[in-house]
Amino acid sequence: MASTLPASDSPVPVYQLHSFPRHEPDKPFYMTKLERLVQEFKGIDDPHAHTFYLIMWISQGSGTHTIDFRTYTIEPNQLYFLTPGQIHSWQLSADTQGYNLFFDANFFKGRFGSRLHQYPFFHSHQHQPLLSGIPQQALFSDLLSYAYQEYEARQPNRSDVFLSFVHIVLETASRLYHEQRIGPDTHLYDRLRQYEDLLEQQFLTVREVRFYASQMNLTPNYLNYLCRLIVGKTASQLWQERLLIESQRLLTHTAQSVKEIAFLMGFSDPSYFVRFFKKQTSKTPADFRQALLPSN
């Protein structure tokens, strides 16, 4: 789910692992208590993106967490999952506590291959990047507490043991996510994920559903049926939503003109882009950008 935001034009910070206090230069992972991170890293609550994956556990507190323009209410015993390139920000109550666990893709892929792309909470714009109402609250709290102890202790074979904790947390979360949101029919869900992966790679250049369906060896009608069945939207709507998120990112986090963004999004005429954007959001791109400015 990597954003196409050009770094040179974007005021939104894109953090790497070495951006964080006490990070070890040779380690592809990092973990800290959330309350400590907020105290030590000025501006971490402002909009930013990462080059790595993030697991965020909320053990207590309240507030909001905004991920790619969708805002979620923070509650105790929640797990959030961030994919590289997503833009997020938060507003946390003073008593918020938890853990932030970061890791590079290759750290996980070295042992578990492509499994990262199979988790429902990563690399998806259609499935919420969080778990709440968790029945096994003590399980996740204990797992992340033990992972943090392992991270801090710096014992022999630390990287292997820490990766095992990451894997157990993700697999346990994936099982619960499927129970809560997906149900037993994972085959159709996997096909939707295949379509989302193709969208992520090609949404700027491939603009017709029939070409995606062909790559999946499906008819356009069946791809539409599948999307409606799982998320209640057509395949075309999913493509439009992906294009809209990228447009909103550029309007929010760059100084590029509406005309420039229209061309980047593949519109030969900026007026078509304005109509598309207004149909999706009920605002013109200029109005959307103006609404982001602080009021006097």
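So, which strand order does the open sheet have, and with what pairing? Let me start there. This is a predicted model, and in it the open sheet has 5 strands in the order 1-3-8-5-6, with mixed pairing. Strand 1 and strand 6, residues 70-74, are at the edges, and each has a single partner strand, so one side of each is left without a neighbour in the sheet.

Now look inside that sheet. Strand 3, residues 48-50, and strand 8, residues 87-92, run antiparallel and are joined by 2 bridges. If you want a residue to click on, take His-48: its bridge partner in strand 8 is His-88.

Okay, on to the nonpolar interior. The largest nonpolar core has 53 residues, and the ones touching the most other members are Phe-20, Met-31, Leu-79, Phe-81, Phe-103, Phe-162 and Leu-170. Helix 4 gives the most to this core, with 9 residues. Let's pick out Leu-79. What is Leu-79 in contact with, leaving aside its neighbours within four places in sequence? Well, there's Ile-55, Met-56 and Trp-57, then Pro-129, Leu-130, Leu-131 and Ile-134, and also Phe-140, Leu-144 and Ala-173. There is also a second, separate core of 30 residues, and that one includes Leu-188, Leu-192, Leu-218 and Phe-288. As background, nonpolar side chains in soluble globular proteins tend to be buried together.

Let's stay with Phe-20 and talk about rings. How many aromatic pairs does a search of the whole structure find? The search gives 33. One to look at is Phe-20 with Phe-52: the ring centres are 5.9 Å apart and the planes sit at 70°, so we call the pair edge-to-face. Phe-20 lies in the loop between strand 1 and strand 2, while Phe-52 lies in the loop between strand 3 and strand 4, residues 53-60, so the pair ties together parts that are 32 residues apart in sequence. Are these two buried or exposed? Phe-20 is buried, at 3% relative accessibility, and Phe-52 is buried too, with a relative accessible area of 0%.

Another pair is Phe-267 with Phe-273. Here the centres are 5.4 Å apart and the planes are at 55°, so this one counts as tilted. Both Phe-267 and Phe-273 are buried. Phe-267 also has a charge over its ring: the charged end of Arg-207 sits there, 5.2 Å from the ring centre.

Back to Phe-20 and Phe-52, since they belong to something wider. They are part of one aromatic cluster, together with Tyr-15, Phe-29, Tyr-30, Phe-41, Phe-102, Phe-107, Tyr-151 and Phe-162. Keep an eye on Tyr-151 in that cluster, because Arg-158 lies over its face, at 4.7 Å from the ring centre.

Arg-158 takes us to the salt bridges. The whole structure has 14 of them. Arg-158 meets Glu-24 in one, side chain to side chain, at 2.8 Å from N to O. Why does this pair tie together parts so far apart in sequence? Arg-158 is in helix 4, residues 158-182, and Glu-24 is in the loop between strand 1, 14-15, and strand 2, 29-33, so the linked parts are 134 residues apart in sequence. And both Arg-158 and Glu-24 are buried.

Compare that with Arg-210 and Glu-208. They form a salt bridge as well, with the closest N and O atoms 2.7 Å apart. Here, though, Arg-210 is partly exposed, with a relative accessible area of 46%, and Glu-208 is partly exposed at 39%.

Then there's Lys-233 with Glu-241, a salt bridge at 2.9 Å, N to O. Lys-233 has 21% relative accessibility and counts as partly exposed, whereas Glu-241, at 19%, is buried. The cut-off explains that split, because buried means under 20% relative accessible area.

Last stop: salt bridges that share partners. They join Asp-68, Glu-200, Arg-242, Glu-246 and Arg-249 into one network. Where does Arg-242 lie? Arg-242 is in helix 8, residues 235-253, and at 2% relative accessibility it counts as buried. For a sense of distance, Arg-242 and Asn-217 are 25 residues apart in sequence and 22 Å apart in space, C-alpha to C-alpha.

That's my tour, thanks.

Definitions and conventions
Residues numbered from 1 in each chain as written. Predicted model: local features only at pLDDT ≥ 70, side-chain atom pairs only at ≥ 80, totals over all residues. Heavy atoms only, no water. Salt bridge = Lys/Arg side-chain N within 4 Å of Asp/Glu carboxyl O. Helix = DSSP H or I, 4+ residues; strand = E, 2+ residues; numbered from the N terminus. Buried < 20%, exposed > 50% of the residue type's maximum accessible area, 1.4 Å probe, protein only. Pairing = 2+ DSSP bridges. Phe/Tyr/Trp six-rings, centres within 6.5 Å; stacked < 30°, edge-to-face > 60°. Lys NZ or Arg CZ within 6 Å of the ring centre and 35° of its normal. Core = buried A, V, L, I, M, F, W, Y, C linked by side-chain atoms within 4.5 Å. Contact = heavy atoms within 4.5 Å.
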